[in-house]
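Trainee: Before I trust any of the labels on this thing, can we go through how each one is earned? What would you pull up to start with?

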Amino acid sequence: MARKQASVSYEVIKGLWDENPVLRSLLGLCPTLAVTNSAINGLAMGLATTFVLITSSIIISSVRNIIPNQVRISSFIVVIAAFVTVADRFLAAFYPLISKDLGPYVPLIVVNCIILGRQEAFSAKNSVFRSLLDSSGMSLGFILVLLALGMVREILGSGTLFGITVLGDWFDPWMMMILPPGAFLGLGIFIALANWLNARRAKA
Amino acid sequence: MKLILLFISAAVINNFVLSYFLGICPFVGVSKKISSALSMGMAVTFVMTITAVVTWLIYHLILVPANLEILEYVSFILVISALVQLVEMFVKKVSKPLYETLGIYLPLITTNCAILGLALFSVLRDYEFMESLIFGIGAGAGFTLAIVIMAGIREELELAKVPKPFEGAGITMIVAASLALAFMGFAGLISV
Amino acid sequence: MSTTTKMILVLTTLTMISGGLLSYWDGFTRPKIEAYRLQELKKAIKEVLPPNDSYDEIKGKDMTLYVGKKSGEPKPVGIAFEAVGNGFQGKVAIMVGVTPDFSHINAIKILEQIETPGLGTKIVDDPTNKQDRSWFSNQFKNLSVEPQIEVVKNMKPSKPNEIQAITGATISSRSVAKILTDQVNVAKSIYQSKGQ
């Protein structure tokens, strides 16, 4: 029986919550933990990943019928790696300070499971238009998580938000939040929160 | 001496999983039983060591002389995926049960950020050949250490009552937080 | 056409197109990245040397010396180089300017460090010191390096080669001192063998 095609709006919205790549599918955990020590870093990484996800989705869904099955993964990888190189060089040339902060995590977008995952599961089997919707939704979902975690960790760990001090001298920053333990703790709580909220929705 | 320090630094002081957040997917996915965690760790160490060598050779003997450094990421990831396929065939032939245990996680080593991360760090820090090799072995050892410890803890957690929202990835992250905190104690091990 | 031929054709075409586009992108971005790197280097050298108009480069085995010159004066005004070593948590890189006889440090600028935030990072910026947040690096101005840089705790330095450690970040402080002492000697031997 043919699967009924989801509505256009759902293709985008599903990436925000129901199928949020980080909180529900547990993909892309490495960058989520690594670059959320400040809100701007989280945002920059989100945007870089979005660029790669959307461009590679467009290319891959365009040529999906030409690529033989056996070289599927290798072809996806070449396309993704090429766009990551573009993004990485772009940041290094035009935003060198952010490039330095994000460091090796930008090239690591190549192995971000979200990207390869979406190409495998969606772009390789759907039209360019739908792939564009899907990758936009997923990207947005990813950016939201990065931004949220980045903001929480920055406020608690440095007392600042986007570099501007928001908590006065009375607050002694919880340094741990911008260090690895804080990253794991923050993400763990986010995932648990998402699970809890989802369980409540299902009951309702 | 410098190499020994490099090994200790990669394995423990700046542990790939607990300091650099590399290799989190298998860390969360394969850490339920100590035996599978150990197998995964060894497979990853094996791939890391070969990757360290091969990518170093490709970068310094081909890309740099030909002024093609821009192809770093593309060539590295293609090499890694080829290596992983070879390892998969090798494991399948040598030990069928091991192949079954690792299951889907074996081909997933390709997208393991730790492998590509290793290759990238080596270039970034301008390591020489031997340094790159030791770095690869050390990083693999560190990954194995972290994942086995995590498996040990999770095996114990089977008997504990974990709050429902935290089951699975949630509690793993919380445990990882304490592990990361503990490993921070290794800082300063090699300095003045 | 057979599957194998198709496979090879597709992969080769894909790689060639990617390669071609990336080469173009390389040509576009590489000069900018290099220009930025040079700009930052010049800025750092300027900060650690006394006023100078230009600098010559002397390349050693693992270190490059930047010999600052003032137009009209035959002798160099100072020599700058990058000192690298292990801090508490990881690599520390410091641009340091020394007097031409390598006896005193003119000034330092810490370029890279990954020390513990809030403690070790005070070597770069100490918000708890209201008068001077860069007090730690400023201690190195006109500091004698002979016989070696000494670190004292909880008291003001009394000798010309002493600096005060950061409370709670003794190892980071000591690492900086040791890196500088060691690398000044390395730079000195390079200069004496290859320089004037």
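Trainee: What joins S1(C) to S2(C)?

Mentor: A hairpin of four residues makes that connection. Keep in mind that this is a predicted model, so I'm reading geometry from computed coordinates.

Trainee: How do you know that S1(C) and S2(C) count as paired?

Mentor: Pairing takes at least two bridges, and these strands have six, running antiparallel. One of the bridges puts Asp56(C) with Val67(C) in S2(C).

Trainee: What about S2(C) and S3(C): what makes them a pair?

Mentor: Strand S2, residues 64-69, and strand S3, residues 78-86, of chain C share four bridges in the antiparallel sense. Two bridges would do, so the pair qualifies. Val67(C) turns up again here, opposite Ile79(C) in S3(C), and Leu65(C) faces Phe81(C).

Trainee: How many bridges hold S3(C) and S4(C) together?

Mentor: Eight, again antiparallel, with S4(C) covering residues 91-98. Ala83(C) sits opposite Ile94(C) in S4(C). A hairpin of four residues links S3(C) to S4(C).

Trainee: What makes S5(C) and S6(C) a pair?

Mentor: That one meets the cut-off exactly: at least two bridges are needed, and two join S5(C), residues 104-112, to S6(C). In one of them, His104(C) has Ser144(C) as its partner. So they count as paired, and they run antiparallel.

Trainee: In what order do the strands lie, and is the sheet open or closed?

Mentor: The order is S1-S2-S3-S4-S5-S6 in chain C, six strands with antiparallel pairing, and the sheet is open.

Trainee: Why are S1(C) and S6(C) called edge strands?

Mentor: Each of them, S1 at 54-59 and S6 at 143-144 of chain C, pairs on one side only. Helix H1 of chain C, residues 3-48, packs on this sheet and touches S1, S2, S3, S4 and S5 of chain C. The direction of H1(C) makes about 150 degrees with that of S5(C). Helix H3 of chain C, residues 170-194, packs on the sheet too, touching S1, S2, S3, S4 and S5 of chain C, at about 130 degrees to the direction of S3(C).

Trainee: Why is Lys42(C) called exposed?

Mentor: Exposed means 12 or fewer C-beta neighbours within 10 Å. Lys42(C) has 12, so it counts as exposed. Lys42(C) belongs to helix H1 of chain C. Lys42(C) and Tyr55(C) are 13 residues apart in sequence and 9.4 Å apart in space, C-alpha to C-alpha.

Trainee: What makes phi of Asn154(C) worth a flag?

Mentor: Phi there is near 60 degrees, a positive value in a residue other than glycine. Most residues other than glycine have a negative phi, and most peptide bonds are trans. Asn154(C) lies in the loop between S7 and S8 of chain C, and with 7 other C-beta atoms within 10 Å, Asn154(C) is exposed.

Trainee: Where in chain B is Asn67(B), and is it buried or exposed?

Mentor: Asn67(B) is in the loop between H3 and H4 of chain B. Asn67(B) has 10 C-beta neighbours inside 10 Å, so it is exposed. Its phi is near 60 degrees as well.

Trainee: What is the peptide bond from Glu146(C) to Pro147(C), cis or trans?

Mentor: Cis, with omega near -10 degrees. Pro147(C) falls in the loop between S6 and S7 of chain C.

Trainee: How do you know that the span of H4(B) agrees with its length?

Mentor: At 1.5 Å a residue, 23 residues should span 33 Å, and the end C-alpha atoms of H4(B) are 32 Å apart, so the two agree. Among the buried residues of H4(B) are Tyr73(B), Phe76(B) and Ile80(B). Their cover includes helix H4 of chain A, H3 and H6 of chain B, and H1 of chain C.

Trainee: How many residues of chain B are in contact with chain A?

Mentor: 31 residues of chain B are in contact with 31 residues of chain A. H8(B) gives the most to chain B's side, with eight residues. That side has 25 nonpolar, six polar and no charged residues.

Trainee: How confident is the predictor about chain B?

Mentor: The mean pLDDT of chain B is 88, with 98% of its residues at 70 or more. Among its elements, H5(B) has the lowest mean, 79, and H7(B) the highest, 93.

How values were computed
Residues are numbered from 1 along each chain as its sequence is written. Chains are lettered from A and ligands numbered from 1 in the order in which they are written. This is a predicted model: local features need pLDDT of at least 70, side-chain atom pairs count only at pLDDT 80 or more; totals for chains, interfaces and linings use all residues. pLDDT is the predictor's confidence in each residue, from 0 to 100. Two residues are in contact if their C-beta atoms, placed from the backbone, lie within 7 Å. Ala, Val, Leu, Ile, Met, Phe, Trp, Tyr, Cys and Pro count as nonpolar, Asp, Glu, Lys and Arg as charged, and the others, Gly among them, as polar. Axes are lines fitted to C-alpha atoms, for helices over the stretch in contact, and angles run from 0 to 180 degrees between N-to-C directions. The expected span of a helix is 1.5 Å times one less than its number of residues. A residue is buried if 20 or more other C-beta atoms lie within 10 Å of its own, exposed if 12 or fewer, and partly exposed in between; C-beta atoms are placed from the backbone.
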